[in-house]
Each structure stands twice: as structure tokens, then as C-alpha cells.
Amino acid sequence: MPSTKAVDLAAHPLTAWQGPLSLPDFTRIGDDDFSPVFDAALKAHEAEIEAIAGNKDAPTVENTLQALELGGEALDRVSSIFWCRAGAYTNETIQALERDISPKMSRHFSAISMNERLFARIDDLYQRRESLKLDAETLRVLEKTWKGFVRSGAKLDADGKKRLAKISEDLSSLGTTFGQNVLADERDWALFLDEADLAGLPDFLKSSMAEAAEMRGQKGRYAVTLSRSIYEPFSTFSERRDLREIAFRAFTMRGQNGGATDNSSVVRDMLKLRAEKAKLLGYGSFAALKLDDTMAKTPKAVHALLDPVWEKALEKAAADQTELQRLATEAGSNEKFAAWDWRFYQEKLRAEKFAFDEAELKPYLQLDRIIEACFDVATKLFGITFEEKQGIAIWHPDARVFVVKNADGSERGLFLADYFARPSKRSGAWMSALKSGYKLGHGSKPVIYNVMNFAKPPAGEPALLSVDEAKTLFHEFGHALHGMLTDVTWPSVSGTSVSRDFVELPSQLYEHWLTVPAVLEKHALHVKTGKPMPKALLDKMLAARTFGAGFATVEFTASALIDMAYHARPDAPEAPLRFEAETLEKLDMPDTIAMRHRTPHFGHVFSGDGYSAGYYSYMWSEVLDADAFAAFEETGDPFNPALAERLRKNIYAAGGSKDPEELYTAFRGKMPSPDAMMVKRGLV
Ligand SMILES: [Zn+2]
């Protein structure tokens, strides 16, 4: 039913932010407000777009590019609050709205990118860009905007546009089918075991297997399922070689079992459509299209990273296998060492070499002290400080508000943080913005937030973190700094608006400061005794981290190489699974290690478009963060002021205002090499 009350966007608490510290007044926002405000904000944005597209004056940067960037403010505001609520504090009303709003938003934005009159104005500016005498950032924003339109098909004729729309639609439904097929295979397969079959399994695994069996109607028994959280520990701990083999075969054949849930033809069709899409848009391959606006830029650059890593990983894995085979023989096995033996003997070797209990570290990692450590490192590196404001109601009573200040005491922006798990919050940890920072028009100060899922302690007790949780806190805070330190003019290149293979640099790099001795000595204090964490304990933990790197790097890199092999060709292979097998053979893939994700269940690449021709980016980011931290290590000072200033200026403050390669080189003096990453992984 259409809303009968007109929404006044200039006064509504969702769009006119009149709460304390210029935040939205969350106490005046009801769940039922979102829908009508969204409708009004969408309409307002449509009108703004129409005004730009239909402007009778010749296009200028101000009346076209700037108007486009500053338009849709009400929509941005209601969206940012809504998506914050949807992730951090949802309920049935919000969830129902989500299903309603997502397609509305995607229709709205695709209409904008298909608006011919609007593109004609952008194109006019773009063609004249040399004579407009633009500063470097404005020129880059103009080029990115133009490219964005072109990649959405703006330059195609009517038939081309129609075909592109059909390809996108088909790809999106094939992607959904792909994901659902994998899910069905995972759901339908289970290996039911009894008490006598559980030799070697730790308690946590037994209880999740018991729960999995009960969910499948076999109460009192134990189920091995194909969820990674059961499959991996099962193949790590089970003494039963026969069962490990059964589980291995089922796990690696997900999506390739014939019948209705087989993904072979889905993959073939998707690769064909992707190749066609690339050709339609004028690219030599789908990888060329996807990499065009990344730091890597070309498949060749991706190979320059992956190939040397692959060589080293193969060597390391071969050496590790010799040691594991020795263990297997000593344990009395006379079978040929196989893929289902690797995790099992690797765990035996780990226990022998690095007997070590993570739980010993926990009392040293108090949440409030680790938050302080995050702030402290940011102050030392970048000069900013944090001041908590009590009593300001935001989306949930657990969420906290901090004012971020520059070295001279002026206000830089706000940092909001919501640390504890609750049923109304989705799992995981993330950073986002209620408002991004930029200088265009009246300018905007960033309001950035972090959401975590740490267990809430009983009242009066301090929350304690595992090492991984403390790392997550630093990781997400690194993303938050990318948003808070931003110093750009144009909104579309603010903060984390950078390419997929660059966006994890500020976050992964920040993790390194958690384990800097001076930081731990000051902040990792025992909850009872107040004493700092013993160095020996920390060293043991760090040494254990590189264990098993040969296996992990081979299984990851094999998947990344296959992803690239599919998408860097101009055409699509007729039989993708045969292509997978042939490519692996050429790569000398050991038959004792499986790809981390084989093609028929490689969700990153086929269940949607997210990481297609992009699985490499996880490793690319790791290269960047290891190389960037090595720059500090080389000076002998993890807080080297001159380097920290270059880091702030070129990485944390620069957003997407320049090409990432240019930014990185300005910070480091050269492009990164994979050497530091290989050392960090323990490959050399
Ligand atoms: Zn991240």
C-alpha cells in the first residue's frame, strides 16, 4: 500500500542527522520508518539525476561530475543506517525489508548507468579531458566514472546493450544455481559413525558430529559432513585411514556427482558467457576485463606473483612430504602416502614439534586493553587520538562512540564500535561507514564503524580474546583507519573505495603491530597479575604459525592458478573439468594435495562474480602487507616517523585518488616483491 504521509527528507531523523555529535538521533528512528524514507530518497535521487541529464547548459565538471557525486545524499544516509542495522542489529521487519530493498536499489543504479543522456554528458567531458586542465584527482574520478559507464555497456548499440543485459541476467541465475548445487551436495551427503569409529577425534569435533547426526535424524550417532568445519578436523584427527579416504573423495567431488546437482555444464556455460561479455566490451579476455581497474592490471602481473610462489611452495611441500612419509612408515603404515594422509600426519608432526596451548595466551588479551593498543599504535604512527563519549544512544546499547582527533586537537571524525556477539547480529567482523570523509562541496567528516562478534562476559568481568580475535580487532581497525584518515576531495574515491587487490593492505598491514614487542609489553597484561605476556610464550605461538606452509600454499595457489587459467583465455574451454586436470598436470601438482577449491565447488569464482579472476587477490594483499611491514623492519623502528608519514599520506589517506601502483611506489620507493611474504609464510 502506498504511504499516504509525505516524507520530509530535510527533517526526518533518518536523513537529517540532528542527534548528538551530528549523528542520526537513533532514539527517534523506528523500524517502520525505513520503507517510506527509502521510497522518498530514491525519488529525490531520480529527480537529481534527471536534472543533471536534462541540463540545457553545456556539461562542466561542476554541473555534471560534481552534481553526480554529491547527489543522492538522502539515499546514502538512509542506506547506511539501514545496512548497519541489517548487519549488526536486525529483526524480522528489517529482514523482510532487505528482500524488498535490494532489488529496488539494483534497479535504481542500473537505470542510472544506462541513462544515455547522462552518459553523453560524461562522455563529452571525458573526450575533452586534456583541455579541461583538471587536477590529477579530478581527472582520475572523471576517467573512473566514464569507465564505469562503459563497463556497464553505455557505448554499445541497442542490440549490444540487450545482449549484455541478457548475459548478466543469465550469469546471475547460473551463479545462483551453482551455489545451490554445492549446497545440495553438502546437505545430502553424510557418513554416519558410531562411538567405535571415533578413534583420535577431539571432543569439540565429536560434539559437532553428534549434533550434525541428530539434525539428520540419527540421534546418538556421529556424522562426518562436508562442511569445512567438520571435514577438515576429521581428516586431521581421525585414526581411521579408510574413513579419511571416503570423506576426502566426497569432499573433493562436491558439485561433480552427476544428476541434477552436477555443476559441470553450469561452469561451461558461465565461462562461455564471461568470454562473450569480455569480447562485447572490447577486452581480450574476461580476466583482462576484471583486472582492468585493479592494482595487478593484467594476468601477466598476477603470474609474476603466483609463479615464483608456486615453485617455492612445491619445493617446500615435497620436503614436507618426505618427513610425513617417514612418520607414516614409523607408525606402521605400508600404504602409498595419499592425499587423505597429509593432514593427519601433519598434525602428528605439529604436536611433536610445537606442543603448545593457545589457551595460555588468553588471560593476557583483555578486550579493553587491546582496543587501547589499537588506538595507541594509531597515535604513534599517525598522531590521531581517541576520546570515548559516554551516554550517546546509537543502534544498540553495547555500541560505543569515540571522537577521533587530529594532532592539533581538531575533530577528524567519529569511530563507532560494537564488539559483542548477539543473536540479532550476523557472524563475522567488518568495517563500514555511516558517512565517508571528503572535501567536495561542503565536505563531510567520516563516521566509521567496526562490528565484532566477541563473546560477552558476565557483568563485571573483563572480556578476554584469543590471538585470532585480537588479530581480527587490529584487522578491522586497520580498515577503519583507511576510512578515518582519508584526505581526498571526491566522495567516490574516499577511504576504502579502492580495488579488490588493494583494499586489504591497510587492514592486514595493521595486524603486524599487534605482535610488536613494545605493544604487547604495554598492553598484553595478565588479567589477574597485571604482568606482561612472557616472550617465550609469544615466540612459540609465532613459530607454530608458519608450520604446514607448503601444503597450505600449494592448495591455495593451485586454485588461484586455475581461476586465472580459465579466465585469461580469449575463449572458453569446451570441457572445463578436463581443462582443470590438464592444467594441473602441466603445473606438476602433487597428487597428495588437492586444490583448496576444485572447479565444481569453487564458490568464490562461480557462485557469483565476486572473486572470478580474483582469487589471487588474497595472496596479492599478503604480498603487499608483508612487504610494507618489512619497510619498517628494515629501519629497525616499527614506528619510524618518516616512513609512518609516507604510509599515512600514500596509503591510509589517499583512498582511490591515485592508481594503487603509484601509491604503493610512493610509500615504498618500489613495487612489492613476494620475498617478504614467502618469509612470513615460512616458504624460504
Ligand atoms: Zn579485511
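Is His-479 buried or exposed, and what is its relative accessible area? In this predicted model, His-479 has a relative accessible area of 8%, so this residue is buried, the cut-off being under 20%. With that answer in hand, let us look at the whole protein and then come back to the zinc site.

**The overall fold**

The protein contains 26 helices and seven strands. Its radius of gyration is 27 Å, which agrees with the value near 26 Å that a compact globule of 684 residues would have. Laid along the principal axes, the C-alpha atoms fill a box of roughly 85 × 65 × 55 Å.

Turning to the interior, 52% of the 684 residues count as buried. If you take contacts between residues at least 6 apart in sequence, 73% of them join residues at least 24 apart. On the outside, the accessible surface comes to about 30,400 Å², and carbon and sulfur atoms account for 52% of that area. As for charge, there are 85 positive and 99 negative charges, and their mean positions are 1 Å apart.

**The zinc site**

Now back to the metal. Three residues coordinate the zinc ion: His-475 and His-479, each through NE2, and Glu-504 through OE, at 2.1 to 2.2 Å. Along the chain these donors follow the spacing H-x3-H-x24-E. The two histidines share helix α16, which covers residues 467-484, and they sit four residues apart, about one turn of that helix.

His-475 has 13% relative accessibility and therefore counts as buried. What does His-479 touch, leaving aside its neighbours within four places in sequence? Its contacts are Met-431, Thr-496, Val-503, Glu-504 and Ser-507. Glu-504 thus appears both in this contact list and among the donors of the zinc ion.

**Some individual residues**

The table gathers the relative accessibility of several residues discussed in this report.

| Residue | Relative accessibility | Class |
|---|---|---|
| His-475 | 13% | buried |
| His-479 | 8% | buried |
| Glu-580 | 3% | buried |
| Asp-33 | 21% | partly exposed |
| Lys-297 | 28% | partly exposed |

Glu-580 belongs to helix α21, residues 576-586. This glutamate counts as buried because its relative accessibility of 3% falls under 20%. Neighbours within four places in sequence aside, Glu-580 is in contact with Ile-562, Tyr-566, Met-595, Arg-598, Thr-599 and Pro-600.

Asp-33 is found in the segment before α1. At 21% relative accessibility it counts as partly exposed, since buried would require a value under 20%. Apart from neighbours within four places in sequence, Asp-33 is in contact with His-12, Leu-14 and Arg-28. How far is the C-alpha atom of Asp-33 from that of Val-78? The separation is 9.7 Å, while the two residues are 45 apart along the chain.

**Backbone angles worth a look**

Which phi value does Ser-22 have? Its phi is positive, about 60°, although Ser-22 is not a glycine. Like Asp-33, Ser-22 lies in the segment before α1, the helix that spans 34-53.

Lys-297 is another residue other than glycine with a positive phi, here near 70°. You will find Lys-297 in the loop between α12 (286-291) and α13 (299-330). With 28% relative accessibility, this lysine counts as partly exposed.

Definitions and conventions
Residues are numbered from 1 along each chain as its sequence is written. This is a predicted model: local features need pLDDT of at least 70, side-chain atom pairs count only at pLDDT 80 or more; totals for chains, interfaces and linings use all residues. Side-chain values use heavy atoms; hydrogens and water are left out. The radius of gyration is taken over C-alpha atoms; the globule rule is 2.2 Å times the number of residues to the power 0.38. Buried means under 20% relative accessible area, exposed over 50%, partly exposed in between (1.4 Å probe, protein chains only). Contact means heavy atoms within 4.5 Å. Accessible areas come from the Shrake-Rupley method with a 1.4 Å probe; for residues, only the protein chains shown count as cover. Lys and Arg count as positive and Asp and Glu as negative; His and the chain ends are not counted. The place of a charge is taken as NZ of Lys, CZ of Arg, CG of Asp or CD of Glu. Donors are N, O and S atoms within 2.8 Å of the metal (3.2 Å for Na, K and Ca); water is not among the atoms, so sites may look incomplete.
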